[in-house]
Amino acid sequence: QAIEMTNPLGFRFGLHVIPEMQVFFQTALSYAFTNIKPVVPGHILVSPKRVVCRVAELTPQEAADLMVCAHRIAPILQKAYDATSLTIAVQVRLRGAHKELSFMACHAHQDGKDAGQSVAHVHMHVMPRKVGDFSNNDDVYHKLEKEDDGGRLRSLEEMVIEAEHLEKLLVQ
């Protein structure tokens, strides 16, 4: 069952609430926010405002808007982090399915927790990439799967500073 974002303190992200000050871009249907545990510097998340676990639960407009959001943010991330490329990974949960599909070489479709979905809410990871940031390029997906296993969590202050910086770049 889809849930509307109704929390006045921020945006619903699965069971979490993302503070508004962590959000640096939004449309009527989607929002982009800084990541508490980035895999690479500049790793951000794009999510529909409506909480849904499955891509099939998105309306066609929501599905298109997610990509429009990522498209708008992509050149800003590349510039801000002096990146040469991007990795875009979509995480969704398909009930009862436990398989990983890869397509177009840079998109990972993760079906359920066992395939790496960390939050039960459709979302895209947009990650600026540089030559040599991983010795094996596909290791980014392994690190993404392990993003919930220990490691340092960033402070809200760090994420807000990054969000403010990205927001300024978007209006230039």
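This is a short tour of the structure above, one selection at a time.

**Before you click**

What you have open is a predicted model, where local features need pLDDT of at least 70 and side-chain atom pairs count only at pLDDT 80 or more, while totals for chains, interfaces and linings use all residues. Residues are numbered from 1 along each chain as its sequence is written, and side-chain values use heavy atoms, with hydrogens and water left out.

**Stop 1: the whole chain**

Start by colouring by pLDDT, the predictor's confidence in each residue, from 0 to 100. The average for the protein is 79, and 74% of the residues score at least 70. Now select residues 1-6: pLDDT is below 50 here, and the stretch has 14 contacts in the model beyond near neighbours in sequence. (A contact means heavy atoms within 4.5 Å.) Residues 93-117 also stay under 50, and the model gives them 60 contacts beyond four places in sequence.

Switch to a cartoon view. How many helices and strands are there in the protein? You should find three helices and nine strands. Both kinds of element are DSSP runs numbered from the N terminus: helices are H or I with at least four residues, and strands are E with at least two. Along the sequence the pattern reads β-β-β-β-β-α-β-β-β-β-α-α.

**Stop 2: the first hairpin**

Select residues 10-13, which form strand S1, and then residues 16-19, strand S2; the two pair in the antiparallel sense over four bridges. Two strands count as paired if DSSP finds at least two bridges between them. Click Arg12 and look across to S2 for its bridge partner, Val17. Two residues sit between the strands of this hairpin, and Gly14 takes a positive phi near 65 degrees.

Go back to Gly10, in strand S1. Is Gly10 buried or exposed? Gly10 counts as buried because its relative accessibility is 3%. The cut-offs are under 20% relative accessible area for buried and over 50% for exposed, with partly exposed in between (1.4 Å probe, protein chains only). Try a distance label too: the C-alpha atoms of Gly10 and Val23 are 8.8 Å apart, with their positions 13 residues apart along the chain.

**Stop 3: along the strands S3, S4, S5 and S9**

Val23 takes you to the next pair. Strand S3 (residues 23-26) and strand S4 (residues 30-34) run antiparallel and are joined by three bridges. The hairpin between S3 and S4 passes through three residues. In S4, Phe33 is the bridge partner of Val23.

From S4, move on to S5: these two run antiparallel as well, with five bridges. Tyr31 stands opposite Ser47 in S5. In a regular strand, side chains alternate between the two faces of the sheet. Turn S5 around to see both faces covered: Ile44, Val46 and Pro48 are buried on one side, and Leu45 and Ser47 on the other.

S5 also pairs with S9, in the antiparallel sense, over three bridges. Here Ile44 stands opposite Val126.

**Stop 4: helix H1**

Select residues 60-80. This is H1, with 21 residues, and it reaches 31 Å from its first C-alpha to its last, close to the 30 Å expected at 1.5 Å a residue. (The expected span is 1.5 Å times one less than the number of residues.)

Where does H1 bend? Look at Ile73: the bend is about 30 degrees, and a proline, Pro75, follows within four residues. That bend is the angle between axes fitted to the seven residues ending there and the seven starting there. After H1 comes Asp82, whose phi is positive, near 50 degrees.

**Stop 5: the nonpolar cores**

A nonpolar core is a set of buried Ala, Val, Leu, Ile, Met, Phe, Trp, Tyr and Cys residues joined through side-chain atoms within 4.5 Å. The largest one has 25 residues, and Phe24, Ile44, Val46, Ile73, Leu77, Val126 and Leu166 touch the most other members. H1 gives this core its largest share, seven residues.

Show the surroundings of Val46: leaving aside neighbours within four places in sequence, its contacts include Tyr31, Leu66, Ile73 and Val126. A second, separate core has eight residues, among them Val39, Val40, Phe134 and Val140.

**Last stop: helix H3**

Finish at H3, which has 16 residues and reaches 23 Å from first C-alpha to last, close to the 22 Å expected. Its buried residues include Met159, Val160, Leu166 and Leu170. What covers the buried residues of H3? Among the elements doing so are S3, S4, S5 and H1.
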